[in-house]
Amino acid sequence: MGFKLFKSGDQLYDEGIDLINRKEYGNAKGKFNDALSKDTSKAAMARMYIALIDLNNNRGNVSSYEAFINALDACGQSQFKFGLTEIDAEAIKTECTLGIEEIRASSMVDYDYMAKGQAMIDLAAKYASMIGDAPLKLDEIAKGNTQATGTRESLILQAMAYECMGTGVVMKDPKQGSEYMQLAYNFRRQIGDSGDRDLELMKCYAKSGKCWLCGRPANGEGVHFMAVRSNISQMFRDRERDNLIKTADSGFGSIYICMPCYSAISNRADDISRGYYNQAVSEMRAMEARLQAEIAAVRSEMLIRSR
């Protein structure tokens, strides 16, 4: 009875497919590479599977998406399987194209917040119209997640877009920032997130206060004015109740200070602290020098006496 000591390229390819079915993707990639080192009729498919495995490991890399799209075009298959998942070639190419756009939109600079937010909103519309309620196959392949759909990704992108725009615009227009954060909160709720952070920022951006020190009004707590702990006597509390725009919080545990006053006080406190620190260091060095001189004198005297 004879035994085959060497496997053909097609046999190695089939072993790679079996390893994919067992979710041993690293080993499967090795088998496909081994198959390509030999003569195999399934070279194009092997390269496509290698590119897909690499993509699953590098979802944040544009070149990984492009390599998979090229490999998929080269093998010429309209349908294929990855484990138990049936994949339509055109559908996953669309998903990859949108994935590339998402990486590029997310990597736009934060200071150009309106352009970045609008790019995400435009992409969200594409996910909704081009994929809709169909599952995202890359998530299903990599994580077994069939709940990730084009519609859900659209909602996530819109939440991220309004968070970006709200954070960016709040320095110029806190009220607009609050409105954007409310929209982000609504989208977060639709995908099952609590949205607590967006809700908290929405309330802070919408809040108004008047500086206790200079009397200037400001919108946007934590951005344009700060609540600073203070002891507020009853006399001041009584006067505060008549103010239309408050200079203290409702519990009278803090006063409001605008950011120019707050930063001026903080900077002055830093300067004073730095002055005391420099003075203390100078005195310590002078003391160290005196001690070193005294130690040297004692050593000199002991040396003279030992002779």
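Visitor: How many residues in the lining of the largest pocket are nonpolar, polar and charged?

Guide: The general idea is that rolling a probe the size of a water molecule over the atoms shows where empty space is left. In this predicted model, the lining of the largest pocket divides into 5 nonpolar residues, 1 polar residue and 6 charged residues. The space in this pocket comes to about 250 Å³, and its lining includes the charged residues Arg59, Glu95, Glu102, Asp139, Lys143 and Glu153, together with Gly99, which counts as polar, and nonpolar residues, among them Tyr65 and Tyr127.

Visitor: Which elements give two or more residues to the lining of that pocket?

Guide: Helix 5 and helix 7 do so, and the largest share, 4 residues, comes from helix 5.

Visitor: Which residues lie nearest the centre of the second largest pocket?

Guide: Of the 13 residues that line the second largest pocket, Lys23, Tyr25, Leu84, Thr85 and Ile141 lie nearest its centre. About 200 Å³ of space is found there, and the lining is made up of 6 nonpolar, 4 polar and 3 charged residues. Helix 1 and helix 7 are the elements that give two or more residues to this lining, with the largest share, 4 residues, coming from helix 7.

Visitor: Where is Lys23 placed, and is Lys23 buried or exposed?

Guide: Lys23 sits in the loop between helix 1 and helix 2, and because its relative accessibility is 64%, Lys23 counts as exposed. The backbone deserves a look as well, since phi of Lys23 is near 65 degrees, a positive value in a residue other than glycine.

Visitor: What is phi of Phe252, and is Phe252 buried or exposed?

Guide: Phe252 likewise has a positive phi without being glycine, with a value near 55 degrees. Phe252 belongs to the loop between helix 11 (234-240) and strand 6 (254-258), and with a relative accessibility of 13%, under the 20% cut-off, Phe252 counts as buried.

Visitor: Which residues does Glu140 touch, leaving out those up to four places away in sequence?

Guide: Glu140, which lies in helix 7, touches Thr85, Pro135, Asn145 and Thr146 on that count. Glu140 and Thr85 are 55 residues apart in sequence, while their C-alpha atoms are 7.8 Å apart in space. Although Glu140 is a charged residue, its relative accessibility is 18%, so Glu140 counts as buried.

Visitor: Which residues is Val62 in contact with, on that way of counting?

Guide: Val62, in helix 4, is in contact with Ile100, Ile103 and Arg104 once neighbours within four places in sequence are left aside. Val62 and Ile100 are 38 residues apart along the chain, and their C-alpha atoms are separated by 5.6 Å. Val62 counts as buried because its relative accessibility is 18%.

Visitor: Which residues have the most contacts inside the largest nonpolar core?

Guide: In soluble globular proteins, nonpolar side chains tend to be buried together. Here the largest nonpolar core has 33 residues, and those with the most contacts inside it are Phe32, Met48, Tyr49, Phe68 and Phe80. At least two residues of this core are supplied by each of helix 1 (9-21), helix 2 (25-36), helix 3 (43-57), helix 4 (62-75), strand 1 (79-82), helix 5 (89-106) and helix 7 (137-143), and the largest share, 9 residues, comes from helix 3. Phe68 gives a view of the packing, for Phe68 touches Met48, Ala51, Leu52, Leu55, Phe80, Ile92 and Cys96, with residues up to four places away in sequence not counted. Apart from this core lies another, of 16 residues, among them Ala159, Met165, Val169 and Tyr180.

Visitor: Which residues of helix 9 are buried, and what do they pack against?

Guide: An α-helix has 3.6 residues a turn, so residues three or four places apart point the same way. In helix 9 the buried residues are Pro174, Gly177, Ser178, Tyr180, Met181, Ala184, Tyr185, Phe187 and Arg188, and the buried residues of this helix pack against helix 6 (113-130), helix 8 (150-169), helix 10 (196-206) and strand 4 (217-219).

Visitor: What should the 17 residues of helix 9 span, and which residue with positive phi follows this helix?

Guide: At 1.5 Å a residue, the 17 residues of helix 9 (residues 174-190) should span 24 Å, and the end C-alpha atoms are 25 Å apart, which agrees. Gly192 follows helix 9, and its phi is positive, near 95 degrees.

Notes: Residues are numbered from 1 along each chain as its sequence is written. This is a predicted model: local features need pLDDT of at least 70, side-chain atom pairs count only at pLDDT 80 or more; totals for chains, interfaces and linings use all residues. Side-chain values use heavy atoms; hydrogens and water are left out. A nonpolar core is a set of buried Ala, Val, Leu, Ile, Met, Phe, Trp, Tyr and Cys residues joined through side-chain atoms within 4.5 Å. Buried means under 20% relative accessible area, exposed over 50%, partly exposed in between (1.4 Å probe, protein chains only). Contact means heavy atoms within 4.5 Å. The expected span of a helix is 1.5 Å times one less than its number of residues. On a 1 Å grid over the protein atoms alone, a cavity is a set of points where a 1.4 Å probe fits but cannot get out, and a pocket is an open set with protein on both sides within 12 Å along at least five of seven lines; lining residues have an atom within 4 Å of a point. Grid points are joined across faces, edges and corners, and a volume is the space filled by probe spheres set on the points.
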